[in-house]
Amino acid sequence: MKNVKNAKSANYLQINHEIRKMLAEEGVILKSSSEAYEELEWIHEYLEQKPEEGYFVWVKKQIGYPISTCIAISSPKIYQKPRNLIIVENGIKAEIYSICNAVKLTLYGKHEGRTTVILKENSSLKIKHFHKWGPEDNVLSSTEFILEKGATLSSSYKCLSPLKKLRVESKTLLDSNSSANFETAVLAKNEDAELFDSLFLNGDKSSGIVKLRMVSQENSKILSHSKVAATGAGRGHIDCMGLLLSDGSIINSVPELLNQNKNAVLTHEASIGRISEDELNYLRSRGLTEDESTNMIITGFLGETITYVQHSKLTKS
Amino acid sequence: MFKTKNLSVKVNGEDVLKNVSLKIGEGEVHALLGPNASGKSTLAYAIMGLPEYRVTRGGILFKGNDITHLPIEERAKLGIALAFQNPPSVKGAKLSLLLKRISKQQSALNLKDFPLDYSLLEREVNVGFSGGERKLSEIMQIISMKPTFVILDEIDAGLDIINLDKLMRIIQDKLIDNGVSLLAITHRGDILQFLEPDVAHVMLHGEIVCSSKDWRKPWKTILRFGYEKCEECKERELSSD
């Protein structure tokens, strides 16, 4: 599989441990991360050892199409450990849609994904990451973002299908004038979910926002720990909101602000509660059933409409 | 068509409506006048079936069915619709999506009929809507429901005369001209001249104290002397049965 000239998109598709599709238009280098590790010595700085699986995306020139990656499990009891590396070069704007999923509900799969994202000076990346797993799957997703001066990151992560255990970690290092905006939405049902975000505002005029939306139902437990630490004169904000839909479910939201610079401003807001009766009754007065109304409120709360549209587009492509 | 009989309603343990009897025929337009906190909106919510508005006496009949204890959505499906005075925001849900959900399959709306900035459809329901946008959104939702009985709760509140005129034309065209029965709640009475109601009722302290087939009569009294005069009025025309 090679980089293809005149291709109108860049796609990576891995099923179980096998790469099924890998093509990219000019300007993007797309390889398996193990191949990249062997060919490009300079990336050893970011990859501690030769990966077993996963992708390497290097956006070298401006491209007009989003890059899409999909790592799926289709057979029972697969244990995936993709190690991914994404690099966006100086001043380049890129967009990535990334899906990790199980194609059936009862595959008892395990997915441990680790990704490092390097945004060079003044580059920009919009990354939308969707997870869709089965109720018996165990998933760990860990991402490190390194933003150089003036880089901009917009990252959204959504996992709206219930699984057994979910742990999502992100660590973001921000140099001066860089900004990172995180939106995370998790719908947990009979699930144990842990969400850890940490932002380090190391440079002056850096900024970071963490926006978490969590819905916990049917004996689910969600623990979120969001940290913003400033050594540079930056601005950081954590916004956590949770809906608790049933007795026996738990949401434990822990925001942490660590300020070591008198010119930095760090804030947080958080609320965990139930669905508003006013909203529910309003929608019911329009002829929607209680379930339809509840779904619409949760959908809106999690921003699922966007996910659904994007997911349909991706599935089609 | 629609009837409340000796309807008494409690809200948070407090008696708000007392023996309210109201009868609205098919295609009739009724106005319900009254000062702030007289119980007008409570009547609207009780008719719609909002849970905290508890009927303690009497009942509500619609098209011959006793709907006093029906869930909200069942009343809506039977053809009752309420334009809320202060509708809540539904964050994340776009107005276009709500309209689609209401209409189920075939939309009753022709968007060209509305003085609409189309970007409103892509905004979250009632989030940051201006007063005029909120009223327009309410009317669009209600028309989507294809109702046969509509309650307009202070639809004229906060609207300038031009927007009120536009909205009234839509109400005339899409609801009244299609034989929909209306109960228009207002305390300022701006909409009376537009609607020319068949009957005007006055509500004070949770009771209907006057019902007149000539809306100008009570309205002139109210304009001249205020609602207080209705309490001592000797010409009350209680016509409800």
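# A tour of chains A and B

Start by colouring chain A by domain: the C-alpha centres of domain 1 and domain 2 of chain A lie 24 Å apart. Select 10-275 for domain 1 and 276-317 for domain 2, bounds that come from an automatic or database domain assignment.

You are looking at a predicted model, where local features need pLDDT of at least 70 and side-chain atom pairs count only at pLDDT 80 or more, while totals for chains, interfaces and linings use all residues. Residues are numbered from 1 along each chain as its sequence is written, and chains are lettered from A and ligands numbered from 1 in the order in which they are written.

## Stop 1: two loops and a strand in chain A

Select A:Tyr108, in the loop between β8 (93-102) and β9 (110-119) of chain A. Strands here are DSSP E runs of at least two residues and helices are H or I runs of at least four, numbered from the N terminus. A:Tyr108 isn't a glycine, yet its phi is positive, at about 50°. It has 15 C-beta neighbours inside 10 Å and so counts as partly exposed. (The cut-offs: buried means 20 or more other C-beta atoms within 10 Å of a residue's own, exposed means 12 or fewer, partly exposed is in between, and C-beta atoms are placed from the backbone.)

Now jump to A:Asn190, in the loop between β14 (179-189) and β15 (192-201) of chain A. This non-glycine residue also has a positive phi, near 50°, and A:Asn190 is partly exposed, with 14 other C-beta atoms within 10 Å.

Next, pick A:Lys158 in strand β12 (residues 152-159) of chain A. Buried or exposed, this A:Lys158? Buried: 24 other C-beta atoms lie within 10 Å of it. Add A:Arg213 to the selection; A:Lys158 and A:Arg213 are 55 residues apart in sequence, but 9.4 Å apart in space, C-alpha to C-alpha.

## Stop 2: a helix pair in chain A

Select helix α2 (residues 277-284) of chain A, where six of the eight residues are buried: A:Glu279, A:Leu280, A:Asn281, A:Tyr282, A:Leu283 and A:Arg284. What covers these residues? The cover includes α3 (290-302) of chain A, along with α2 and β7 of chain B.

Show α3(A) beside α2(A): the two pack at about 125°, axes 9 Å apart. Axes are lines fitted to C-alpha atoms, for helices over the stretch in contact, and angles run from 0 to 180 degrees between N-to-C directions. The pair is therefore oblique, given that under 35 degrees counts as roughly parallel, over 145 as roughly antiparallel, 65 to 115 as roughly perpendicular and the rest as oblique. The crossing is right-handed (near helix turned clockwise from the far one by less than a right angle; anticlockwise would be left-handed). For the contact, show A:Glu279, A:Leu280, A:Leu283 and A:Arg284 of α2(A) against A:Glu290, A:Ser293, A:Thr294, A:Met296 and A:Ile297 of α3(A). Contact means C-beta atoms, placed from the backbone, within 7 Å.

## Stop 3: across to chain B

Show both chains: the contact takes 21 residues from chain B and 20 residues from chain A. On the chain B side, α2 (72-78), β7 (90-94) and α3 each give two or more residues. β7(B) gives the most, with five residues.

Follow α3 (residues 95-103) of chain B to α4 (residues 131-144) of chain B; their axes come within 8 Å and cross at roughly 25°. That makes the two helices roughly parallel, and their crossing is right-handed. Light up B:Leu95, B:Leu98, B:Leu99, B:Ile102 and B:Ser103 in α3(B), which meet B:Ser137, B:Met140, B:Gln141 and B:Ser144 in α4(B).

## Stop 4: strands of chain B

Select β6 (residues 80-83) of chain B. B:Ile80 and B:Leu82 point one way, B:Ala81 and B:Ala83 the other, and all are buried. β6(B) runs parallel to β9 (residues 149-153) of chain B, joined by four bridges; strands pair if DSSP finds at least two bridges between them. Look for B:Ala83 opposite B:Leu152 in β9(B).

Finish on the open antiparallel sheet of four strands, β2-β1-β4-β5 (chain B). β2 (14-24) and β5 (65-66) are at the edges with a single partner strand each, so one side of each has no neighbour in the sheet. Further in, β1 (residues 2-11) and β4 (residues 53-62) of chain B pair antiparallel over eight bridges; B:Ser8 has B:Arg57 in β4(B) as its bridge partner.

Methods:
Contact = placed C-beta atoms within 7 Å.
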